[in-house]
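User: Hi, I'm new to this one and would like a quick tour. Can you put it up on the screen?
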Amino acid sequence: MFKVAVSPTLQHCRSLTIGFLAPLLLSSCAAPPPEESPAATNVTVIEGARVIIGDGSPPIENATLILEDDQFIHVGAGNESEVPAGSVRVDLTGRTIMPAIIDTHVHLSPTRTALIEDLQRKAYYGVSAVLALGRGVSEDSFQIRAETVPNAARYLTAGRGITAPEPGRTEVPYWITSEDEARSAVQELAEQDVDFVKIWVDDRNGQFDKLSPEIYSAVIDEAHKHELRVTAHIFALEDAKQLLRAGIDAFAHGVRDQDIDDEFVELVKERPHVVLVPNLGNRGIEEDLSWLSKTIPPTELLELQESYTDRPEVEERFNIQARNLARLNAEGMRIAFGTDGGAGWSPHLEMADMVASGMTPHEVIVAATQNSAELLELNDLGTIAVGNSADFIVLETNPLDDITNTRQIETVYLRGMAVSRDELSERWVGSAETP
């Protein structure tokens, strides 16, 4: 059932209702008995907000959303809606509602307690689902994937990623050196019913040999035989071209070594199913992180703030990725969304970075919602639509005007229930004064 008692807005509405009814109740002895009220239902009606659907269509002004249990059963303009008798009504006039965010590239903790906290931090900032790309291999990871955890994002995993040997780096991924090993690794992943296959094609600034085209082609071929899709960590333009020719399904990063060329764009256009998750990284400019004060203790926030300074060399690297994203978006490549990290708040920086690259706020929201849901084949997420899970964010202001307004979160709803953001904040930072 949709639990609205935790919503401050609804609590206010209920207190107003009680105040209004009190005089009537006092005089009821002298008045005819009132008609019997309709029976309460498990239906909630949310009225008055601007609703961003998530599919790129114009937002619905003064919308009405009707939820039953954990699903939307009506989405439309206010004057199109017939409110069911006995439903709970919530007025969100002046707010903006958008679908919850989907992060298709994370690396989270391996143990149960820490992983649940990671997922709750994601939920606090409006994330409804994540995909762990290459390191979500523990028994706890697969158990949590099968569970519905309160106040937490859904968890998907690619299991062990696949790479060439990288001595000195993590040994969690498969280290493979032959086509036979490639196929064997994919077969093991298929037995685990992973949600994606992840490969790394990167020499780490010349430190290691990369997976060869012959070997990663075997990975892709074997994955497709098992109806699995493959996403690739890349750095270099030439590797990206070869992966497209080999049948890759998605890129977990954009090209980072140079500006893309016409040949690459033509390869992309010949393969319209391929999805780019940019993962732009740090922009190399000073950022105000005070909006994180409810989830990061003051001393930690101060240390983090000091690392977000102007760094021209970082900004130069960012600009390569930004130009490549802008061009591919303009050429019609499907863009999804990921952050390549574990911080709950990182999606909001990534969205701002995507806008700084030249995408519109609306395009970025579609990438982070509908397109990412489609990439992960989460058919009940990504848009505010009838039949979908009621996963959405209530914002104080309109992110179509300024993408940083996604940080002005009033409430997050996952599966029709309000995330207990105040309780989570108290756990993480206590009652200490914020900086």
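Analyst: Sure. One term before we start: when I say that residues meet or make contact, I mean heavy atoms within 4.5 Å. Also keep in mind that this is a predicted model.

User: Okay, contacts then. Which residues of α2 meet which residues of α12?
Analyst: From α2 you have Glu117, Gln120, Arg121 and Tyr124, and they meet Arg421, Leu424, Ser425, Arg427 and Trp428 in α12.

User: What's the mix of residue classes in that contact?
Analyst: The contact of α2 with α12 has four charged, three nonpolar and two polar residues.

User: And how do the two helices cross?
Analyst: The axes of α2 (residues 112-124) and α12 come within 10 Å and cross at roughly 125 degrees. Angles over 145 degrees would count as roughly antiparallel and 65 to 115 as roughly perpendicular, so α2 and α12 are oblique to each other.

User: Left-handed or right-handed, that crossing of α2 and α12?
Analyst: Left-handed.

User: Is there another helix pair to look at?
Analyst: Yes, try α5 (residues 213-225) and α6 (residues 237-246), which pack at an angle of about 40 degrees with their axes 10 Å apart. That makes α5 and α6 oblique to each other as well. Their crossing is right-handed.

User: What makes the contact there?
Analyst: On the α5 side, Tyr216, Ser217 and Ile220; on the α6 side, Asp239, Gln242, Leu243 and Ala246. By class, the contact of α5 with α6 has four nonpolar residues, two polar and one charged.

User: Switching topic: how much space lies in the largest pocket?
Analyst: About 490 Å³. The largest pocket is lined by 20 residues, and the closest to its centre are Tyr124, Lys294, Ile409, Glu410 and Arg421.

User: Tyr124 and Arg421 sound familiar.
Analyst: They should, since Tyr124 of α2 and Arg421 of α12 both belong to the helix contact we began with.

User: Which elements each supply at least two residues of that pocket's lining?
Analyst: β18 (409-414) and α12 (421-429) do. As for the classes, the lining of the largest pocket divides into eight nonpolar, seven charged and five polar residues.

User: What about the second largest pocket?
Analyst: That one holds about 300 Å³ of space. It has 19 lining residues, with Gly281, Asn282, Thr339, Ser346 and Glu350 nearest the centre. The lining of the second largest pocket divides into eight polar, six charged and five nonpolar residues.

User: Now the closed spaces. How many cavities of 30 Å³ or more turn up in the whole structure?
Analyst: Five. The largest cavity has about 90 Å³ of space. Of its 14 lining residues, Gly254, Val255, Leu276, Asn324 and Leu328 are the closest to its centre.

User: Which helix gives the most to that lining?
Analyst: Helix α9 (residues 312-330), with four residues.

User: How many charged residues are in the lining of the largest cavity?
Analyst: None; the lining of the largest cavity has ten nonpolar and four polar residues.

User: And the second largest cavity, what lines that?
Analyst: About 60 Å³ of space lies in there. Its lining is made up of Thr104, His105, Leu131, Leu133, Phe196, Thr231, Phe251, Ala252, Val277, Leu375 and Leu376. Eight of the lining residues of the second largest cavity are nonpolar, three are polar and none is charged.

How values were computed
Residues numbered from 1 in each chain as written. Predicted model: local features only at pLDDT ≥ 70, side-chain atom pairs only at ≥ 80, totals over all residues. Heavy atoms only, no water. Axes fitted to C-alpha atoms, helices over the stretch in contact; angles between N-to-C directions. Parallel < 35°, antiparallel > 145°, perpendicular 65-115°, else oblique. Left-handed = near helix turned anticlockwise from the far one by under 90°. Nonpolar A, V, L, I, M, F, W, Y, C, P; charged D, E, K, R; others polar. 1 Å grid on protein atoms, 1.4 Å probe; cavity = no way out; pocket = protein on both sides within 12 Å on 5 of 7 lines; lining within 4 Å. Points joined across faces, edges and corners; volume = space filled by probe spheres on them.
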